[in-house]
Protein chains: 4
Amino acid sequence: MKIRILTTGGTFNKVYFDAKSEFQVGATQVEELLQEANTDIECEISSILRKDSLDLGDEDRALIHRKIEQAPADRIIVIHGTDTMVDTGVHLQGIEGKTIVLTGSMQPARLRKSDAMFNLGCAVAAVQLLDAGVYIAMHGRIFDPASTRKNVKESRFEVTG
Amino acid sequence: MKIRILTTGGTFNKVYFDAKSEFQVGATQVEELLQEANTDIECEISSILRKDSLDLGDEDRALIHRKIEQAPADRIIVIHGTDTMVDTGVHLQGIEGKTIVLTGSMQPARLRKSDAMFNLGCAVAAVQLLDAGVYIAMHGRIFDPASTRKNVKESRFEVTG
Amino acid sequence: MKIRILTTGGTFNKVYFDAKSEFQVGATQVEELLQEANTDIECEISSILRKDSLDLGDEDRALIHRKIEQAPADRIIVIHGTDTMVDTGVHLQGIEGKTIVLTGSMQPARLRKSDAMFNLGCAVAAVQLLDAGVYIAMHGRIFDPASTRKNVKESRFEVTG
Amino acid sequence: MKIRILTTGGTFNKVYFDAKSEFQVGATQVEELLQEANTDIECEISSILRKDSLDLGDEDRALIHRKIEQAPADRIIVIHGTDTMVDTGVHLQGIEGKTIVLTGSMQPARLRKSDAMFNLGCAVAAVQLLDAGVYIAMHGRIFDPASTRKNVKESRFEVTG
């Protein structure tokens with residue numbers, strides 16, 4: 001089974017630039033993490049955006065949408081910032097016949113302590129086991145974007161309504 | 001959904017004891033890793049054994065079997081050494097009505113680079129999504145113990161025959 | 001021998017706040033690092049400022065100056081942002097009878113890969129071995145603030161002139 | 001200033017081999033750590049032994065002695081297991097005109113939490129600042145091998161007598 005992984009930026013990918021004294025979205029860490037996980041699943045990784053998810057606009061979401069539709073694989077993981085992960089998830093719900101799992105992290109993968117590796121593991125399992133549809137995999141739970149929101153204070157996602 | 005996590009030892013849990021200049025199975029790191037993952041899934045963790053899996057005997061497997069049957073939860077993760085993970089998996093296949101996922105790691109969770117966090121993420125997603133049965137979740141793949149073996153040279157599991 | 005450690009902020013102490021999607025100066029990591037180093041040297045740690053060093057003004061430097069003069073210890077380590085570490089070093093050169101070592105890091109101590117622990121080790125050795133005076137200990141070298149500048153491009157310090 | 005670093009094995013260098021389910025002395029991590037520290041000090045690293053220090057015999061100590069005498073540099077760091085670091089230190093005290101600093105760690109450098117990076121930082125500063133002689137740099141303190149012993153229970157060195 002081949003999985004296509006699209007990275008769009010977000011906290012997951014942040015690295016620290018001393019020259020600017022700030023964290024910025026850097027090259028994606030996904031490849032490094034998958035090596036660390038010693039996985040032999042065929043994954044094709046494409047870095048299509050490098051933005052904080054608050055900076056994603058309509059064109060960016062259209063790009064993500066298009067890249068998923070064009071991908072030969074029907075198992076798709078999208079690495080995404082958490083602030084608008086729900087919006088992108090809802091936007092992607094029109095796509096048929098593909099299992100799409102959005103994930104990200106609250107702490108950069110480069111930190112000693114981070115939820116990135118755990119969330120990536122969840123997403124890799126979920127994208128193989130779930131039927132076609134759009135899902136958010138964060139902190140060990142699987143959400144339907146249509147009924148989910150980010151609870152900023154708790155640094156978690158939760159079901160609405 | 002409540003998940004019961006049983007830890008039995010193995011590489012996953014190894015810590016380094018300077019006094020003996022060797023790595024030994026220590027207190028389990030599962031709780032620490034789940035905090036790092038910031039999960040809000042209700043997990044109950046029990047440390048039932050602290051052994052290298054090569055040292056597990058019939059009585060140990062009977063104990064694991066019994067603990068799973070007695071657990072009120074029907075979603076069970078077993079943290080287990082990789083060398084005999086397949087044997088224990090086969091041994092547990094008689095249990096009905098429960099989803100049992102065995103996982104572990106090739107590198108101790110305490111190392112800077114380890115597959116432990118990724119495998120734990122996979123197991124947490126898999127145990128929620130899979131039907132009743134016994135599974136091995138390692139390096140991003142889900143195996144049926146009845147047709148799996150460890151490839152020691154590759155540090156991976158693979159499907160037999 | 002008792003060492004007084006004053007923390008003023010800087011990259012060394014940065015932690016990631018998801019809520020603001022940025023790194024900010026957090027509680028100091030020095031205590032945690034010294035425990036990890038298993039040191040039994042008597043160190044008294046005071047957090048006197050929590051700022052990027054570019055934001056330090058005359059009053060802040062006056063505060064650092066005063067805290068060093070008032071400290072009963074005559075071996076002082078100052079954890080400081082790198083951008084104006086030289087300026088603060090020059091400012092402190094009037095203090096007599098004390099060995100003052102400024103250090104910091106180019107990557108936050110909380111990252112998987114960071115120079116913080118190494119620089120702290122250098123500073124702890126240097127503050128014990130050097131005569132009274134003001135020094136900068138970074139990336140394994142000991143500098144005199146009066147003839148040093150930060151080379152931003154190289155992320156290193158270098159001797160001027 | 002050029003520093004010669006000789007690695008002899010010990011906990012500092014231990015890596016985990018899944019195939020044998022044990023930690024063994026691996027390739028040295030010193031080069032990796034010095035890169036992480038971003039140091040520009042000229043260091044020449046030679047791996048001359050790969051042993052637990054309890055396994056070092058007279059011939060091994062003669063080899064270390066010879067390699068130090070033959071090195072063109074007069075600033076020498078020896079990475080060494082802690083159990084017999086004192087013995088090797090005493091053995092080297094005949095060498096004249098060189099500053100020799102022995103260091104190592106109680107936890108492997110590859111662990112998430114380790115004293116290796118801190119001790120290496122101490123050793124790099126100490127070897128530049130100390131007069132000719134033999135020293136042990138561990139957990140932030142500088143010892144004279146002739147009056148030092150390892151306190152196994154405390155995982156520290158201490159002054160005898």
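Biologist: How do you know that the end C-alpha atoms of helix 2 of chain C are as far apart as its residues should span?

Modeller: In this predicted model, helix 2 of chain C covers residues 58-70, and at 1.5 Å a residue its 13 residues should span 18 Å. The end C-alpha atoms are 18 Å apart, which agrees.

Biologist: Which residues of helix 2 of chain C are buried, and what covers them?

Modeller: C:Asp60, C:Arg61, C:Leu63, C:Ile64, C:His65 and C:Ile68 are buried, that is, under 20% relative accessible area. Their cover includes strands 1 (2-9), 4 (42-51), 5 (75-79) and 6 (99-103), together with helix 3 (85-92), of chain C.

Biologist: What makes helix 4 of chain D largely enclosed by the rest of the structure?

Modeller: Of its 14 residues, 13 are buried, so helix 4 of chain D is largely enclosed.

Biologist: Why are helix 4 of chain C and helix 4 of chain D called oblique to each other?

Modeller: Their axes come within 7 Å and cross at roughly 40°. Angles under 35 degrees count as roughly parallel and 65 to 115 as roughly perpendicular; the two helices are therefore oblique to each other. The crossing is right-handed. Among the residues of chain C that meet helix 4 of chain D are C:Met117, C:Phe118 and C:Leu129.

Biologist: Why are chains A and B described as related by a two-fold rotation axis?

Modeller: A turn of 180° with a shift of 0.0 Å along the axis lays chain B on chain A with an RMSD of 0.0 Å. The two copies are thus related as by a two-fold rotation axis. The same surface serves both copies, as 100% of the contact residues of chain B recur in chain A.

Methods:
Residues numbered from 1 in each chain as written. Chains lettered and ligands numbered in written order. Predicted model: local features only at pLDDT ≥ 70, side-chain atom pairs only at ≥ 80, totals over all residues. Heavy atoms only, no water. Least-squares fit on C-alpha atoms with pLDDT ≥ 70 in both. Contact = heavy atoms within 4.5 Å. Buried < 20%, exposed > 50% of the residue type's maximum accessible area, 1.4 Å probe, protein only. Helix = DSSP H or I, 4+ residues; strand = E, 2+ residues; numbered from the N terminus. Axes fitted to C-alpha atoms, helices over the stretch in contact; angles between N-to-C directions. Parallel < 35°, antiparallel > 145°, perpendicular 65-115°, else oblique. Left-handed = near helix turned anticlockwise from the far one by under 90°. Expected span 1.5 Å × (residues − 1).
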